[in-house]
Amino acid sequence: MKRSVITLSVLLATSFSSTTLAADTHQHRFDGVSVDIPTLSHDYYLGENSGATHFWHGDTQDMTFIPTGGNDAFDAESDKVHPQLTAHSKKMDKGLFVYKDKFYQVYGYGLTSPMIVDGDKGLLIFDPVESVDKMQAVMADFRKVTGNEKPVAAVMYSHWHPDHYAGVRGIEGVENAKIIAHDTFMKNVVKGSMGGTGPALGFRVDYSLGTLLNVEEGGRINGGLGPDFEIREHSLIKPNTLVEGMFGKLEMEIEGVKVEFKHVPSEASDEITAYFPEFDMLFGSEVIQGESFPNLHTIRGTQYRDPSVWFPGVDMLREYKANTMMLSHGRPVNGAAHVDDTLTSYRDAIQFTYDQSIKAINDGATQEDLIRQITLPEHLVNHPWLGDFYGSIRHAAKQIFVGEMGWFDGDPTTLNPTYSVEASQRYVAMVGGKDKMMDFAVDACDNGDFQWCAELATHAIRIDLNDMEPRELKAMALRELGYRETNNNWRNWYLTSAQELDGTIDYSKKINLQAPDLMAEFEPSQLVNALRFSLNAERSQDKHFTVAFEFGDTNETHALEVRRSVAQFHKDYQGEPKATVKLTKTVFLGLLVGKVDFVNAVQQGYIQVSGDATAVPEFFGLFDKPLESPKITLR
């Protein structure tokens, strides 16, 4: 049976064009429709000697831009890239934004753009970028451009996400610095790595941020908040200076620079910001997430980010009435009126999305209704900090329903729906077999209805996961959907899923959220407790015994009690276990990451066992390692 499919490149071969409409707008023909592309407006200043893509929001006073060359985003026009996404990439050329020759935002080196403050005898660094090699490049170019060779005096992690700390060891001499974070930072890092959903977050980050895709017209374009997100070397140094409690403050003077650190729960529960009263300068961290609509929900997975907490957090920043603002993501905002406009518009977009979603829910709307009904008012849709490049109102409104009401949509047929695989088998049989289902799917693609094509092909795939014809058809449809997207998370997921389906996916670049350098900063109690998430319920169904771990280097003992499919953690254990394993934290860490063989370590004296020695291998045999590369789409 011969099948034909019309792809986006064919549809647009003669229809893609660009014409200038006005000084602040370009119009492109894309996918058969006109697309307005905002360019420079009166709100932006073009930096000296910077070319057409280097500018910041607001006034010219005391702000300059020094380009360092290059753009790691894909910024060429292509019929496989939405023009608005191309325009977004063109904002991401590397360089240093300099305010009053004191504050330096090193921009365009990764998803995060670190801010460096020049103190009397040392540097203050805010939010190291996500990889050690990238942070080394940040520091090298900063020192080359400025000639500043001062040592680092302090580092602030704004919150627990790795793009705000993982490059810290790329800063020379950082081991002697103050490391500042909220007092719940390490708890959240553990939970987001091996002590919770870390394995799932790891492979879902690969899909949403496109780390498995090449930078090319048919692949990753930019990171939404920066040119890219790739962790090639993950590091962590545990904080030693803490902002304590809800809405806590910490006022310090570091190398002659007065700073007020403040807990502002928002995008993350442990978010802290920094205000410099002598300069009326605000580092807003990720309370303002970047030049994009905020990720009120992230499709990679997260606990509910409550918008009713987030927008009051923005109001806390508004109270500073700062003259200038730098952020973890995006370019600076200069001038009190522009800072106020950006903060006000951002918080209004969040409150609007939340309030109107609640209103619709109270009127009986479902999740499906919300993503179609809730759209920002025109003055917010067109705001330069609210484009659909990272977060999206389309998935935010849907999550508000789940966060406020739970997953049940009210239709009782969804309480216990027919299992998806069985349902697909029934649908295929109902239309007359798999070939007939594929005919319908191909017709949908030929008519440009790629969403329906992908849905129909999914039913055919579930009949036989090894049949490449429906897999390749769905992969093609997903690519066409991705090429039309402005939102990087959506585009990357479409394109990575397409590679999973057609077998071209390359897992060699996958992110490791359980890197040894990261886990080395965990407490022994956190390492032992994290084991419970790997317990095999079936193999432990009839087991009940306790194994204690005595750490000789830290003089502490913790235990796990396996009790019929549950592993209960006992901190500072003083009971009578079936066996006690005596070792160091380093050896235990080696066991967890597979670098230490238990039998060899016992023979060489690195591990001693008291009690019933046979209980130890039995104990470890009850735990599974997370799958390396689980299937997300092919199922």
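Is H558 buried or exposed in this structure? In this predicted model, H558 has a relative accessible area of 0%, so this histidine counts as buried. The points below begin with the protein as a whole, then turn to H558 and its surroundings, and end with a few residues in other places.

**The protein as a whole**

- The protein contains 20 helices and 24 strands, and its C-alpha atoms fill a box of roughly 80 × 75 × 45 Å when the box is taken along the principal axes.
- A compact globule of 635 residues would have a radius of gyration near 26 Å, and because the protein has 26 Å, its value agrees with that expectation.
- Of the 635 residues, 54% count as buried, while the area that the protein exposes comes to about 26500 Å², with carbon and sulfur atoms supplying 49% of it.
- When contacts between residues at least 6 apart in sequence are considered, 68% of them join residues that are at least 24 apart.
- The protein carries 59 positive and 89 negative charges, and the mean positions of these two sets are 4 Å apart.

**H558 and its surroundings**

- H558 is part of strand β21, which covers residues 556–563, and its relative accessible area of 0% lies under the 20% limit for a buried residue.
- The side chain of H558 makes a polar contact of 2.6 Å with the side chain of E556, a residue that also belongs to the range of strand β21.
- A polar atom of the H558 side chain also lies 3.1 Å from the backbone nitrogen of D572.
- Leaving aside residues up to four places away in sequence, H558 touches a set of residues that includes P524, S525, V528, V547, A548, F549 and F551.
- The same list of contacts for H558 also includes F569, H570, K571, D572 and Y573, so D572 appears both here and in the backbone pairing described above.

**N536, a buried loop residue**

- N536 lies in the loop between helix α17 (524–530) and strand β20 (544–551).
- Although N536 sits in a loop, its relative accessibility is 14%, and it therefore counts as buried.
- Which residues does N536 touch, not counting those up to four places away in sequence? They are L622, F623 and D624.

**G611, an exposed strand residue**

- G611 has its place in strand β24, which covers residues 608–611, and because its relative accessibility is 65%, it counts as exposed.
- G611 and P577 are 34 residues apart in sequence, yet their C-alpha atoms are 7.8 Å apart in space.
- G611 touches K578 and A579, when residues up to four places away in sequence are not counted.

**Two residues with positive phi**

- Most residues other than glycine have a negative phi, which is the background for the two cases that follow.
- D280 has a phi near 55°, a positive value in a residue other than glycine, and it is placed in the loop between strands β16 (272–276) and β17 (281–283).
- With a relative accessibility of 24%, D280 counts as partly exposed.
- K321 likewise has a positive phi, near 55°, and is a residue other than glycine; K321 is found in the loop between helix α6 (307–318) and strand β18 (324–326).
- The relative accessibility of K321 is 66%, and K321 therefore counts as exposed.

Technical notes
Residues are numbered from 1 along each chain as its sequence is written. This is a predicted model: local features need pLDDT of at least 70, side-chain atom pairs count only at pLDDT 80 or more; totals for chains, interfaces and linings use all residues. Side-chain values use heavy atoms; hydrogens and water are left out. Helices (H or I, at least four residues) and strands (E, at least two) are DSSP runs, numbered from the N terminus. Buried means under 20% relative accessible area, exposed over 50%, partly exposed in between (1.4 Å probe, protein chains only). A polar contact is a pair of N or O atoms within 3.5 Å; within protein, one must be able to donate a hydrogen and the other to accept it, and residues adjacent in sequence count only if both atoms are side-chain atoms. Contact means heavy atoms within 4.5 Å. The radius of gyration is taken over C-alpha atoms; the globule rule is 2.2 Å times the number of residues to the power 0.38. Accessible areas come from the Shrake-Rupley method with a 1.4 Å probe; for residues, only the protein chains shown count as cover. Lys and Arg count as positive and Asp and Glu as negative; His and the chain ends are not counted. The place of a charge is taken as NZ of Lys, CZ of Arg, CG of Asp or CD of Glu.
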